[in-house]
Amino acid sequence: MREAWITGIGLLTALGPDRETTWRRLLAGETGIRQLTLFDTAGYRTHLAAQIDDVALRLAGLPRSPGRHVTRASHFALVAAAEALADADLPASGEGRGWALVVGGGTAGLYEAEGFVERRLRGGARTRGLGELVEVPQDSPADRVAHCLALTGPRITITTACSSSTIAVGTAAELVRDGEVEVALAGGSDALCRLTYAGFNSLHAVDPEPAKPFDRRRKGLSLGEGAALLVIEEADHARRRGVRPYARVLGYGVTNDAFHMTQPEPSGAAWERTVRAAIADAGVALSEVGYINGHGTATEQNDSAECAAYLRVFGARLATVPVSSVKGALGHCLCAAGGIEAAITALAIARATLPPTVGFAEADPACDVDAVPGIGRPGTPDVALSSSFAFGGNSSVLVLGRCA
Amino acid sequence: MSAARVYVCSTGCVSSAGTGVAALAQALADPAWRPRLGIERPDAPSLPVATCREFSTRDVLPPLVARRLDRPARLLAVAAREALHPLGDPLPWPRDRVGVCAGTWNAGTSALLEVLRAVFLASPEEAPPAQFPSTVANAPASQLGILEKLGGPNLTFAEKQVGGLRALAEACRHLSHGRADLVLAGAVDEAEWLNAEVYDRLRTLRTSSRPGMVLAEGAAVLALACEPGPAPLAVLAGWGSASAPTAPCRYPTDPAPLVLACRQALQRAGLAPAEVGLVLSVANGIPGLADLERRALETLLGTHRPPVVATTDRLGEGAVGGALRALIAALAVAGTVRVAWEPPPHLAAAGFPAAAARTRSALVPGLAGGGSSVALVLTAP
């Protein structure tokens, strides 16, 4: 049986332009959520987001230049992909190697295209701006990464809203475990834009203050942006290269609650089914699970349904399984969230440190979990879950484990 | 792992030829059939999209149910109900074990434009909350899951022209791994002006003065299962995928990744290139793609010249264009469709004949702008 190892991580968030900065500041209990400056927030319910400021990010050393019209989402993906390959000690070019690329597709070039759409709606067909439009298709970040890194293997873009890149990581690991490829880059990238900002505002799903996952006072999510790409590598391939893995992808589960477009099934029964499917796919015992990186959006309904699901699965033992959410620190990065959280979970396993739930202070009886308040703390999970839930009722859970 | 045998148990579709597989088959049998083209856009001439003008949910969905769905979801739901109907009611599998895999190029874009229209021309507070969930590309698959209470994996693949073929290939993978007993797999695309305008500005849409693509509106669904059921149409016997590093929206010039994807699909199906009985051409009217396809097929097939069917230049390009080709391939190996359309000129000139008799195997190659290739092989059960 082939094993899928995580041997490289590239991470770009509001807490930092790379993996180590993000990890260090996350463990210190810092948050990247603050005043949004990317566009004017007058007229919105909230004015906060976990925004990436330093868009002059390095792109030097790529095999091919992305050219002039690279969008924020593709830019983020390229930075994360290059960091992941370097971290795995793999060459920056995939030319002729057949590496797969599996990406959670988000808003892609919509932020840039919104400028065109506004001018077009106001000013008619003579509006100029082809360069703003070429990355409208949701697989554009994948196309851009594949083009710049010369990737020639399968290229998949999964779009299941907020669970997209969780499923991308699971899919990539399965391609490796099935022997279809030896190396895959997997994760997601998503950029803030007016559509999602206005949309979540219209649903009253955002907190005017920074998000407080699992907290009694929570009033909604904070939007964020970022990217994570993980190198998923066949274990023998990694051993031959002498590279040290962060963790192993043991399996994943994906189901649909068939309940409502924006609300989770409240009893947690549907989410429970996903967790059990993931555990079965991974071939581990429930008793081996020592940490859960939760979806934890900080909306009233999500957090209670999620915790109810864990209680149904683990029963009284849930008190001994810490459950933390990074969304109080990194915001909800939508289609990139699952990839970012998979990366954080892998780091937690490799470094025997559990990330905190930034923003959590007051326990909620409806979310009766050890939410790792404050700062990161030591923890040595052999098996950990990374959980996501999305618009449309899609839930997915990754099972990661310590490499033997 | 060894892949399980995946059967195409039934099909359903909504296309510019009409609602249902019978309407599509009727169009395919008519050499002169052409769609009516055109979608409106603000302050400019219409663009060439083969729309489903006569589409209605009447007789398929109760009005109150249909009203809750956006148009892409209605298209997919009607196609799915046609595919589900022959499988029996109740289904022979628990609904928790039924999944959805849908490809799309542009689902959600009309809703997106409506939300942005409110934000830009009124105020952010006017953004319509009911429209926002429909802006995500997975909304049609999700609404189908909610409508039919399907609890299996519910996945959407946004990969432009190969989204539908990818959805079919990934459905096979999920079936092989036991995540579902039945997957409704295919694609849905909507008629909207934003993506069409992108390709118009890239000068790849057909006009009276230049060749190019026609885009598609519609939905196609193939019901896939590891159990054949009472009357399987075909076996989805192989799939493959490779890519050429190409800038977004541009087509590659190197046919090698398309050849590789086809070889992988044939190998998985256990077929030699000389055993290909029919090719569902990827040709969509773009001259560069036609040349690339000819070179790819000559490399793959050598001197073998199986019959070729081209449907995308009439039914339209998009994720649904690919899924419709796979659906037609399934019907062709089942012997339930007769295609009277001429092969595309670039392949006719290279010696590929028109389809005539029933075939035992069909190759469905796919290529997206940006360089991603997916290929499927369907065989007789």
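**Two chains and two domains in contact**

In this predicted model, 58 residues of chain B are in contact with 56 residues of chain A.

Me: Which element of chain B gives the largest share of the side that touches chain A?

Reply: Happy to walk through that. The elements that each supply at least two residues to this side are α4 (109-121), α5 (139-148), β6 (154-158), α7 (193-201) and β10 (234-243) of chain B. The largest share is 7 residues, and it comes from α4(B).

Me: How many residues on the side of chain B that touches chain A are nonpolar?

Reply: Let's go class by class. The side of chain B that touches chain A has 9 charged and 16 polar residues. Its nonpolar residues number 33.

Me: Now for chain A itself: how far apart do the C-alpha centres of domain 1 and domain 2 lie?

Reply: Chain A is divided into domain 1, covering 4-241, and domain 2, covering 249-401. Their contact takes 61 residues from domain 1 of chain A and 57 residues from domain 2 of chain A. The C-alpha centres of these two domains of chain A lie apart by 21 Å.

Me: Which element gives the largest share of the side of domain 1 of chain A that touches domain 2 of chain A?

Reply: Good one to finish on. Elements giving two or more residues to this side are β1 (4-12), α1 (19-27), α5 (164-177), β6 (183-190) and β7 (226-234) of chain A. By class, this side of domain 1 of chain A divides into 31 nonpolar, 21 polar and 9 charged residues. The largest share, 8 residues, comes from α5(A).

Conventions
Residues are numbered from 1 along each chain as its sequence is written. Chains are lettered from A and ligands numbered from 1 in the order in which they are written. This is a predicted model: local features need pLDDT of at least 70, side-chain atom pairs count only at pLDDT 80 or more; totals for chains, interfaces and linings use all residues. Domain bounds come from an automatic or database domain assignment. Two residues are in contact if their C-beta atoms, placed from the backbone, lie within 7 Å. Helices (H or I, at least four residues) and strands (E, at least two) are DSSP runs, numbered from the N terminus. Ala, Val, Leu, Ile, Met, Phe, Trp, Tyr, Cys and Pro count as nonpolar, Asp, Glu, Lys and Arg as charged, and the others, Gly among them, as polar.
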